[in-house]
Amino acid sequence: MSPRTPALVFFAASVAFAQPPSMVLGKDTVKISEHVWAIMGTPNIAIIVGSRATLVVDTGLGARNGATITRAANELSGNSKLFLTTTHFHPEHAAGEPGFPVNTVLIRNTVQQRELKQHGQEMIDMFSGRNAENKELLANVKLRSPDILFESEARLDLGGVSARLLWFGGGHTKGDELTFVEPDGTLVSGDIVQNKVVPGIFGDGGTPASWLSVLDKISALHVRHVLPDHSAPGDGSLVMAERSFIADLRTRALTLKKEGVSAADAGKQLGPEFKAKYPDWPNMNVTGFVRSIYAED
């Protein structure tokens with residue numbers, strides 16, 4: 001596939017649920033918007049190209065993937081200046097950093113970095129234990145500290161395009177980071193905005209209410225293109241679709257909670273109900289998110 005092929009929805013979201021996908025990334029890219037390309041895989045990787053510098057969002061799992069992403073970025077840009085940031089602290093998003101050149105400028109928000117310090121090695125160990133491929137990819141991975149930490153926003157001028165790195169609050173994790181590319185109007189959304197994927201809150205991450213608050217802040221950006229991390233790219237309507245789904249599920253779950261229905265039973269009831277309501281979503285396992293809704297109060 002050509003590095004400058006327009007973005008295509010070239011895989012069905014249902015494939016992700018058929019079997020565990022390989023974590024090894026290729027270097028072929030698709031074009032999302034004028035300055036944004038993506039390697040589609042697990043996860044999707046964003047490469048934002050300016051005339052003076054390039055920003056990569058997410059690393060893949062382990063140094064091998066980081067090196068592959070670097071080659072793809074070099075083919076697209078030829079820039080000597082490379083920035084790297086991560087959507088959240090999980091290994092497939094952050095543990096490929098050792099594969100990037102040593103002069104890569106690593107940027108991360110302070111909340112995400114705190115999560116990484118607290119739970120990063122624990123997550124690497126967990127992923128390594130899943131299968132032989134993960135174990136090989138994560139062998140000897142050591143994560144370095146960021147060169148730049150920011151609280152709520154960092155802005156990068158890449159030359160003819162700027163990238164706003166944003167922390168709006170917790171959702172999937174506490175430190176979920178968003179990248180908004182101007183003037184393209186492209187949002188690299190991590191797990192916060194997905195394409196017909198039931199949301200999930202990891203561990204002691206955000207809450208359904210905080211997730212909705214983040215989406216309200218995203219709405220003010222007037223997004224035109226969305227690149228999620230684990231589903232197909234789409235247009236700005238994905239932001240409202242994500243918000244509507246979470247609000248809908250939250251309202252129904254809280255109603256059942258008031259009626260005395262247990263979280264487990266509510267999850268069992270709402271799965272079929274929402275599958276009928278959202279028939280084109282490939283998976284409707286809402287049990288985990290319903291538990292998060294019940295835990296809010």
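**Exercise 1. Where is E97 found, in which loop?**

Before the solution, a word on the model. The model is predicted, so that local features need pLDDT of at least 70 and side-chain atom pairs count only at pLDDT 80 or more, while totals for chains, interfaces and linings use all residues. Residues are numbered from 1 along each chain as its sequence is written, and side-chain values use heavy atoms, with hydrogens and water left out.

*Solution.* Step one is to place the residue: E97 is found in the loop between α3 (91-94) and β7 (105-109), where helices (H or I, at least four residues) and strands (E, at least two) are DSSP runs, numbered from the N terminus. Step two is to judge its burial: E97 has 7% relative accessibility and therefore counts as buried, given that buried means under 20% relative accessible area, exposed over 50%, and partly exposed in between (1.4 Å probe, protein chains only). Step three is to list its surroundings: apart from neighbours within four places in sequence, E97 is in contact with T59, L84, L106, K142, L143 and R144, contact being heavy atoms within 4.5 Å. With R144, the side chain of E97 also makes a polar contact of 2.7 Å (a pair of N or O atoms within 3.5 Å; within protein, one must be able to donate a hydrogen and the other to accept it, and residues adjacent in sequence count only if both atoms are side-chain atoms).

**Exercise 2. Find the salt bridges of D147, E182 and R243, and say how exposed the partners are**.

*Solution.* Start from the rule, by which a salt bridge is a side-chain nitrogen of Lys or Arg within 4 Å of a carboxyl oxygen of Asp or Glu; the count comes to 14 salt bridges. In the first of the cases set here, D147 pairs with R144, and their closest N and O atoms are 2.9 Å apart. D147 is partly exposed because its relative accessibility is 47%, and R144, at 25%, also counts as partly exposed.

Next, E182 forms a salt bridge with R164, the closest N and O atoms being 3.7 Å apart. This pair links distant parts of the chain, since E182 is in strand β11 (residues 178-182) and R164 in strand β10 (residues 162-166), 18 residues apart. E182 is partly exposed at 24% relative accessibility, whereas R164, at 16%, is buried. Looking further, one finds E153, R155, R164 and E182 linked in a network of salt bridges.

Finally, the side chains of R243 and D216 meet in a salt bridge of 2.6 Å, N to O. R243 lies in helix α7 (residues 237-258) and D216 in helix α6 (residues 208-219), so this pair ties together parts that are 27 residues apart in sequence. Both are partly exposed, R243 with a relative accessible area of 25% and D216 with 38%.

**Exercise 3. Which residues of the largest nonpolar core touch the most other members?**

*Solution.* A nonpolar core is a set of buried Ala, Val, Leu, Ile, Met, Phe, Trp, Tyr and Cys residues joined through side-chain atoms within 4.5 Å. Of the 36 residues in the largest one, V193, I218, F245 and L249 touch the most other members. As to where the members come from, β11, α6, α7, α8 (263-277) and α9 (287-294) each supply at least two residues, and the largest share, seven residues, comes from α7. Turning to one member, V193 is in contact with residues including L187, L215, I218 and V226, neighbours within four places in sequence being left aside. Apart from this core lies another, of 23 residues, among them A46, I48, V57 and L156.

**Exercise 4. Classify the ring pairs F89 with F202 and F274 with Y278**.

*Solution.* Rings of Phe, Tyr and Trp (its six-membered ring) pair if their centres lie within 6.5 Å, and planes under 30 degrees apart count as stacked, over 60 as edge-to-face and the rest as tilted. The count comes to seven aromatic pairs. The rings of F89 and F202 have centres 6.3 Å apart and planes at 70°, so this pair is edge-to-face. F89 is buried at 3% relative accessibility, while F202 is partly exposed at 32%. The rings of F274 and Y278 have centres 5.7 Å apart and planes at 15°, so the pair is stacked; F274 is buried at 0%, and Y278 is buried at 16%. Ring pairs link F245, F274, Y278 and W281 into a cluster.
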